[in-house]
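Q: Please take one part of this structure and go through it closely, for someone who has not seen it before. Then set out how the rest is arranged around it.

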Amino acid sequence: ALAALGGIEAFIRPGERVAIKPNCAWDRTPEQAANTDPELVAELVRQCLAAGAAAVVVADNSCHDPGRVFARSGIEAAARQAGAATAHQRSAGTTTLDLGGTLLGPWEVLEPIAAADRVINVPVVKHHSLSRATLGMKNWMGAIVGRRANLHQRIAQSSAELGAAFRPTLTVIDATRVLTGGGPTGGSLALVRADDRVAVATDPVAAEAWGATVLGLVPAELPHLAIAERLGLGRSDWK
């Protein structure tokens, strides 16, 4: 997928600091598909370092205890073995940034993400009980620290505005294992479907729309996509 876009070297320059933002929110094993696949995270780390990145950090603000989440998800071990550092809300500081929008404004953002030269968003495709799907834009909730629960009251608007605030160098959609129900926390292996697919995009809206199709949804069923298009973030017609 990267080769079709010119390889990671088309996006990562020697000496740059790279932040990789997986979904690393839940105290679940890789097989339960509630978090991004650790091997995908590790491969992105290896690719970035091979392109000459000065440093790579894998960062997220976990919902469950971050120490347990990073360990049980397999992401901490995989990332570190590949040569990256890891960071979460208990191990890293924050920087206040004005994220703009009608709902966001000033927020505390994880310092490793705020300070990075390049950011790669690596969400897992999964069902969500409120928004129907967790994909790339909602994944940015893990970049901020604070009263995130308030953003769920207008989840479509907040997801789109997060997409506008955090514009990644690449969006890598993890559909290796897909959580088809019981999201976002998951737990039941009966709700996990092995798809073994990955999509890479420079257009985060196109990436989001493709991820929706993996769950059997069309873009019109995810209101935040229309908002994201109006904000000029990309096109939902991914084909």
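A: What follows starts with one helix and then moves on to the cores, the strands and some single residues.

This is a predicted model, in which local features need pLDDT of at least 70 and side-chain atom pairs count only at pLDDT 80 or more, while totals for chains, interfaces and linings use all residues. Residues are numbered from 1 along each chain as its sequence is written, and side-chain values use heavy atoms, with hydrogens and water left out.

The helix is H3, which covers residues 75-82. Helices here are DSSP runs of H or I with at least four residues, strands are runs of E with at least two, and both are numbered from the N terminus. Four residues of H3 are buried: Ile75, Ala78, Ala79 and Ala82. Buried means under 20% relative accessible area, exposed means over 50%, and partly exposed is in between, with a 1.4 Å probe and protein chains only. The four lie on the same side of H3 because they cover an arc of only 95° around its axis. That arc is taken from the directions from the helix axis to the C-beta atoms. An α-helix has 3.6 residues a turn, so residues three or four places apart point the same way. On the face of H3 turned away from the buried side are the exposed residues Ala77 and Gln81.

What do the buried residues of H3 pack against? Their neighbours are strand E1 (17-22), helix H1 (38-50), strand E2 (55-59), helix H2 (66-72) and strand E3 (85-87). Contact here means heavy atoms within 4.5 Å. Just after H3 comes Gly83, with a positive phi of about 110°.

H3 is also one of the elements that supply at least two residues each to the largest nonpolar core. A nonpolar core is a set of buried Ala, Val, Leu, Ile, Met, Phe, Trp, Tyr and Cys residues joined through side-chain atoms within 4.5 Å. The largest such core has 29 residues, and Ile20 and Ile120 have the most contacts inside it. Besides H3, the elements that each give at least two residues are E1, H1, E2, H2, strand E6 (118-122) and strand E10 (170-179). H1 gives the most, with six residues. Leaving out residues up to four places away in sequence, Ile120 touches Ile8, Val18, Ala19, Ile20, Lys21, Leu44, Cys48, Leu170 and Val172. Apart from this core lies another, of 23 residues, including Ala133, Val178, Leu217 and Leu233.

The loop between E1 and H1 holds two residues to look at. One of them is Asp27, which is buried at a relative accessible area of 12%. The side chain of Asp27 makes a polar contact with the side chain of Arg68 at 2.7 Å. A polar contact is a pair of N or O atoms within 3.5 Å; within protein, one must be able to donate a hydrogen and the other to accept it, and residues adjacent in sequence count only if both atoms are side-chain atoms. Not counting residues up to four places away in sequence, Asp27 touches His64, Arg68, Val69 and Arg72. Ala33 lies in that loop too. Its relative accessible area is 1%, so Ala33 is buried, and its phi is near 60°, a positive value in a residue other than glycine.

The strand pairing comes next. Two strands pair if DSSP finds at least two bridges between them. Strand E7 (residues 124-128) is mostly covered, with four of its five residues buried. E7 runs parallel to E10, joined by two bridges, and Val124 stands opposite Asp174 in E10. With strand E8 (residues 132-134), E7 pairs in the antiparallel sense over three bridges. A hairpin of three residues joins E7 to E8, and His128 has Arg132 in E8 as its bridge partner.

Another set of strands forms an open, antiparallel sheet of three, in the order E4-E5-E9. Strand E4 (94-98) and strand E9 (144-145) stand at its edges with a single partner strand each, so one side of each has no neighbour in the sheet. Two bridges join E5 (residues 106-110) to E9, where Glu108 stands opposite Val145.

Two further backbone details remain. Pro184, in the loop between E10 and strand E11 (192-201), follows a cis peptide bond from Gly183, with omega near 10°. Asp196 is found in E11 and has a positive phi near 55° in a residue other than glycine; at 65% relative accessibility, Asp196 counts as exposed.
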